[in-house]
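Please find below some notes on the model, set out as numbered points for checking beside the coordinates.

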Amino acid sequence: MTSRTTGKIIAGITLATFTALAALPAQAQDRVRWRMHSSYPEAMPVAGATSYHLGKTIDTISDGSFDIRVFEPGALVAGTQYYDAVSNGSIDAAYGSPAFNTGKNSAYAFFAAVPFGPGAGEMMAWLRYGGGLELANELYAQDNLYMLPCGILPPETAGWFRKEIKTLDDLKGLKMRFLGLGAKVMEKFGVSTQLLAPGEIYQALELGTLDAAEQSIPAVDRGLGFYQIAKYNYFPGWHQQSTVQELLINLDSWNKLDESKQTMVRLACDQALMQQFAEGEAAEFDVMQQNQEDGVQTMTWTDDQLSAFNAAWQEVITDETASNPDSQRVWDSLTAFRENYKIWGDTAYLK
């Protein structure tokens with residue numbers, strides 16, 4: 001699927017979104033105030049601004065009757081550690097990634113990104129129309145939570161390395177920041193993985209606590225300064241061909257909203273999702289050129305290396321689904337949807 005066709009799938013919501021926003025009654029409920037944690041600092045390119053943009057959009061369309069105050073990572077809770085605080089109502093909502101919640105249930109990883117998995121258009125199709133979002137909220141509801149997809153990123157880089165990886169044997173013994181299901185694949189090659197919040201990665205690379213890191217798309221990673229330390233940037237991002245960002249909401253807070261304000265949140269998330277994807281697609285080529293000017297080498301995994309990663313992924317998914325019934329249910333849903341999607345995707349899109 002090309003970025004142009006995927007962009008059409010997601011950008012198609014825009015006209016309907018703003019038409020619906022204009023029609024909403026702003027004063028249907030007394031003033032509501034929420035506190036929302038963001039896992040990403042506002043200064044982070046693309047992903048960082050989304051939660052703040054979301055808060056401003058809701059304030060504007062509600063004519064000030066729905067005020068969401070967004071807090072930087074660490075102001076209320078640690079960057080990725082928001083699950084319990086939202087669940088128990090200490091804060092009303094948080095913006096982050098479902099993959100940050102895998103310590104609670106490893107099945108959440110599938111709602112963020114899947115190795116060798118769908119691009120943005122197919123991922124959103126599964127979530128919205130293939131039962132993915134219903135499964136996610138069935139799991140989240142067990143802990144008094146409600147989730148909305150509120151951003152989606154284009155393919156990530158496969159990581160930043162301080163030394164060239166000439167063979168996959170060179171991965172053995174490396175310490176690397178890695179997210180979600182892809183981390184389990186890297187561990188098959190002897191990599192010691194850990195999940196750090198975005199703001200913690202640069203210092204770990206600088207101090208040598210990490211030998212390598214994957215975080216996001218090139219524009220985000222440049223904003224975090226990885227290019228200054230790790231000069232080998234690998235592609236393609238087999239582990240995250242798209243990455244969903246979540247708005248995780250305390251279920252009691254959500255249920256207290258009237259229909260008008262719930263609709264505002266849903267539509268504002270739709271708009272934020274489109275904005276993040278379009279900006280993510282538009283920002284990369286300039287950034288990659290800047291990286292090269294700063295001495296970064298853009299590296300490409302060979303077909304044999306990608307085949308090895310894929311083979312390891314097959315082992316990981318077998319182990320994951322055998323050990324977690326929730327993961328088995330989610331994987332079955334995604335797999336069935338992808339098999340059907342091929343009828344369309346393999347026929348309609350240029351390879």
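**Notes on the model**

1. The axes of helix α3 (residues 47–61) and helix α11 (residues 259–293) cross at roughly 145° and come within 9 Å, where axes are lines fitted to C-alpha atoms over the stretch in contact and angles run from 0 to 180 degrees between N-to-C directions. Helices (H or I, at least four residues) and strands (E, at least two) are DSSP runs numbered from the N terminus. Among the residues making the contact (heavy atoms within 4.5 Å) are H53 and L54 of α3 and A268 and C269 of α11.

2. This is a predicted model, in which local features need pLDDT of at least 70 and side-chain atom pairs count only at pLDDT 80 or more, while totals for chains, interfaces and linings use all residues. Residues are numbered from 1 along each chain as its sequence is written, and side-chain values use heavy atoms, with hydrogens and water left out.

3. An open sheet of six strands with mixed pairing follows the order β7-β6-β8-β5-β9-β11, two strands being paired if DSSP finds at least two bridges between them. Because β7 (192–194) and β11 (297–300) each have a single partner strand, one side of each is left without a neighbour in the sheet.

4. Strand β6 (residues 175–177) runs parallel to β8 and is joined to it by two bridges, with A213 of β8 as the bridge partner of R177. The side chain of R177 also forms a polar contact of 3.0 Å with that of Q215, the term denoting a pair of N or O atoms within 3.5 Å, one able to donate a hydrogen and the other to accept it.

5. Q215 lies in the loop between β8 (212–213) and α9 (218–223), and its 7% relative accessibility is why Q215 counts as buried (under 20% relative accessible area, with a 1.4 Å probe and protein chains only).

Terms used: Buried means under 20% relative accessible area, exposed over 50%, partly exposed in between (1.4 Å probe, protein chains only).
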